[in-house]
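Please look through the model below before reading my notes, which are written as numbered points. Each point takes up one part of the chain.

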Amino acid sequence: MKCLCKKKSNFKKKITDIRIGKYNFSIYKCTKCGIGKTYPILTKKEIESFHDVGQYRDEEGKRFNNLIEYLVNVFKEKRAKRIMSFKSVGKILDIGAGRGLLLSILKKKGWNVVASEVNRKTADVIRNRFKLPVLEGDIDKFKIKKNSFDVINMSHVLEHLKDPISVIKKCRFILKKEGFIFIAIPNNDSLQSKFGKKHWYHLSLPYHLYHLTEKNLLDLLKLNGFEIKYIKHFDGEMNIFGWTQTILNCLGIKRDFLFDILTYRSFRSFKNLRKPKNFFNFFSNLFFTFISLILILPISFLFSILEAIIQKGGCIEVCAQLKQ
Ligand SMILES: [Zn+2]
């Protein structure tokens, strides 16, 4: 196996027996840099077939129920504010733009925005609903002029990529001198990852191919000419839920069950519930999840603050400026 650090290294099996669907996953760690790698890597077809209920997003691109959709919007507004504290207006590329929520906020504030998205259906949503320009496909395949953007945002994208380095290099090429990059990733050195181990929610298998620590990300950026501006360890959108789902997973409730309910995944598989055994399992998972939540939610909130204080946040956001 090749590592992102390109050093001659061995991979050691770190976590094994992560059972998802019919697949058994392991995470190998590079002995030189500590980057984790998922094994096996599934093909797109396999990923689509292995899940009970299809896709990452539904047809309209909506991922959650309305209350959560509202909260997601609040967090996007906050991210837009953070970006604007470094650059008040300019041209931005959002790689892995999802539904284009961040870009539609920035567009209203006068930004020139471009989205990049690999998922065809999601790209259609950005185009049709938000009327934003989309580069559909892998960003490293597009011909983009040098010095095109003032800011690049990449939230929870890097860990999904087959070749994260080529994408960072691409960013360096298309970003203007002194331009900013904002990257958010799950932190494989966080308190919640150490607590949850194979039950950690943000392992997100089989979607995450790489598992990086804060140091891994900073090294990658510095090696490519970036200077670190800030590292944020509190992420209200990702970390509280990360703790909640991780603790529920540790308690033995079906892996990521709460997430599945919130994204309607479990409900969309109602047809599976006709079998009495499935019906019983579903409702016992539902019952135990909601009983446990009364205790787990406040704990998750406290732990998210604690891990941010000791700089071991479950998901982190790094802002870096291109210097060379
Ligand atoms: Zn390595």
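1. What should the 12 residues of helix 8 span at 1.5 Å a residue, and how far apart are its end C-alpha atoms? The expected span (1.5 Å times one less than the number of residues) is 16 Å, and the end C-alpha atoms are 16 Å apart, which agrees. Helices here are DSSP runs of H or I with at least four residues, strands are runs of E with at least two, and both are numbered from the N terminus.

2. A word on the basis of these notes: this is a predicted model, in which local features need pLDDT of at least 70 and side-chain atom pairs count only at pLDDT 80 or more, while totals for chains, interfaces and linings use all residues. Residues are numbered from 1 along each chain as its sequence is written, and side-chain values use heavy atoms, with hydrogens and water left out.

3. Helix 8 is mostly covered, since 11 of its 12 residues are buried (under 20% relative accessible area, with exposed meaning over 50% and partly exposed in between, for a 1.4 Å probe and protein chains only). Among the buried residues are Phe241, Trp243 and Leu248, and the covering elements include helix 6 (191–196), helix 9, helix 10 and strand 11 (315–322). After helix 8 comes Gly252, which has a positive phi near 95°.

4. The largest nonpolar core (buried Ala, Val, Leu, Ile, Met, Phe, Trp, Tyr and Cys residues joined through side-chain atoms within 4.5 Å) has 39 residues, of which Ile83, Ile92 and Leu106 touch the most other members. Elements that each supply at least two residues to this core include helix 2 (66–86), helix 8 (239–250) and helix 10 (276–309). Beyond its neighbours within four places in sequence, Leu106 is in contact (heavy atoms within 4.5 Å) with Ala80, Ile83, Met84, Ile92, Trp111 and Val113.

5. Ser116 is placed in strand 5 and, at 2% relative accessibility, counts as buried. Not counting residues up to four places away in sequence, Ser116 touches several residues, including Leu93, Asp94, Leu135 and Ile139.

6. The zinc ion has as its protein donors (N, O and S atoms within 2.8 Å of the metal, or 3.2 Å for Na, K and Ca) the SG atoms of Cys3, Cys5, Cys30 and Cys33, at 2.2 to 2.3 Å. The four donor atoms subtend angles of 104 to 117°, which makes the arrangement tetrahedral (all angles between 85 and 135 degrees). Of these donors, Cys30 counts as buried at 4% relative accessibility, whereas Cys33, at 23%, counts as partly exposed.

Terms used. Tetrahedral: all angles 85-135°; square planar, octahedral: opposite > 155°, others 65-115°.
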